Amino acid sequence: MTTKITSARTAAGPRKGARRRPPASSATKVGRPGFAWALPAAVFFTLFAIVPLIMVAVLSFMSWDGLSSPEFVGTDNWSRLMDDPVMLKSIWLTLLLTVLGVVLQTPLSILLGVWAAGHQRNRAVLSVIYFIPLLLSATAVSVLWRALLDPNFGIPAEAGWLFGDGNLFGEQSTAIGVLAFVSTWQFTPFHTLIYQGAARAIPQVLYQAAEIDGAGRYRQFFHITLPQLRNSMITSMILMIVGGLTTFETVLILTQGGPGTDTTISAYYMYDKAFKSFDYGTGSAIALALVVASTIISLIVVRVSGYDKMRSSMEGVS
């Protein structure tokens, strides 16, 4: 009799109100949208990134003035670049500006980001004011500082005791200094925002335990805050490096590669070759070289820092 009752219940299905256990296969799909959700972004990225990159790669082996039909020249464009002194100089200048950007922006961004993550009086108002450069385009920022640093009508003309003859764009050292300063002024707020969010994600229990152990504010900063900002620091540095290698508008508006070719970085030299000299083959070769260099340097930073081996979702925890 017991066997018959059990069989009858099994045939009748689960009791009313009982929870039905979802299949194991559907449980693994929770929170993971299908490929259809990523399809619009994938199509957009393919049309406006992958396809142009392939076209640039093909054009780097062509000779084209923008009007006549492209002519295949093999590696002639690359060979001429290897022997071009301006190109070699532009690589050195690009690396110099990139290093200056990382060295100047990283400590400023960390200090300001940690400060903005606190609860000081008027912190929100001061943060909003400081983030204003982040809302401006690179072109607007460059035009603004070009007017402010004009040797005839700008700040140097009124403060000759500090700027000498006032022509900051007349020498290589001062021109590079202006480029580094303007880039730092514009992009430090962006990286500050990264560190601000990361600093707020640090568990407060770490600071409470440090206070119990007698650690002061400076020891907490160097032994808790900085190690916990490791992931964000790597991300910020990669963005700085890629941004430094591809800087263009600032040089175009502030110095136009001058004086002479003293501030002609690789991105500006690409523009000069392609759109001034109408040598689109050489310009494409420079553009492709920048893409490859940015990718390789980013991969090196990720591999050396161990960022690719981190599995924890907590900031600073491997």
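This briefing covers a surface patch, a pocket, two salt bridges and some unusual backbone spots. The model is predicted: local features need pLDDT of at least 70, side-chain atom pairs count only at pLDDT 80 or more, and totals for chains, interfaces and linings use all residues. Residues are numbered from 1 along each chain as its sequence is written, and side-chain values use heavy atoms, with hydrogens and water left out.

**Surface patch**

- Eight names make up a nonpolar surface patch: Phe35, Leu39, Val43, Phe44, Leu47, Phe48, Val51 and Met55.
- Together they have about 860 Å² of accessible area, computed by the Shrake-Rupley method with a 1.4 Å probe, where for residues only the protein chains shown count as cover.
- Patch residues have over 30% relative accessible area and no salt bridge; like charges are joined within 9 Å, and nonpolar side chains (Val, Leu, Ile, Met, Phe, Trp, Tyr) within 5 Å.
- Phe44 sits in helix α3, residues 35-59.
- Helices (H or I, at least four residues) are DSSP runs, numbered from the N terminus.
- Phe44 is exposed, at 53% relative accessible area.
- The cut-offs are under 20% for buried, over 50% for exposed, and partly exposed in between (1.4 Å probe, protein chains only).

**Largest pocket**

- The largest pocket holds about 650 Å³ of space.
- Its lining has 16 residues, and Val114, Gly118, Tyr207, Arg217 and Thr225 are the closest to its centre.
- A pocket is found on a 1 Å grid over the protein atoms alone: it is an open set of points where a 1.4 Å probe fits, with protein on both sides within 12 Å along at least five of seven lines, and lining residues have an atom within 4 Å of a point.
- Grid points are joined across faces, edges and corners, and the volume is the space filled by probe spheres set on the points.
- Four helices each supply at least two lining residues: α5 (85-116), α11 (172-200), α12 (204-212) and α13 (217-228).
- Helix α13 gives the most, with five residues.
- By class, the lining has eight nonpolar, six polar and two charged residues.
- Here Ala, Val, Leu, Ile, Met, Phe, Trp, Tyr, Cys and Pro count as nonpolar, Asp, Glu, Lys and Arg as charged, and the others, Gly among them, as polar.

**Salt bridges**

- Side chains of opposite charge can pair when their charged atoms come close.
- A salt bridge needs a side-chain nitrogen of Lys or Arg within 4 Å of a carboxyl oxygen of Asp or Glu.
- The count is two salt bridges.
- Arg80 pairs with Asp279 at 3.6 Å, N to O.
- Arg80 lies in helix α4 (residues 76-82) and Asp279 in the loop between α16 (266-276) and α17 (280-305), so this pair ties together parts 199 residues apart in sequence.
- Arg80 is partly exposed at 44%, whereas Asp279 is buried at 16%.
- Lys89 pairs with Asp262, with the closest N and O atoms 2.8 Å apart.
- Lys89 is in helix α5 and Asp262 in the loop between α15 (249-254) and α16, so this pair links parts 173 residues apart in sequence.
- Lys89 is partly exposed, at 28% relative accessible area.

**Backbone spots**

- A cis peptide bond, with omega about 0°, joins Gly258 and Pro259.
- Pro259 is in the loop between α15 and α16.
- Gln256 lies in the loop between α15 and α16, and has a positive phi of about 55° although it is not a glycine.
- Gln256 is exposed, at 53% relative accessibility.
- Phe278, in the loop between α16 and α17, has a positive phi near 55°.
- Phe278 is partly exposed, at 45% relative accessibility.
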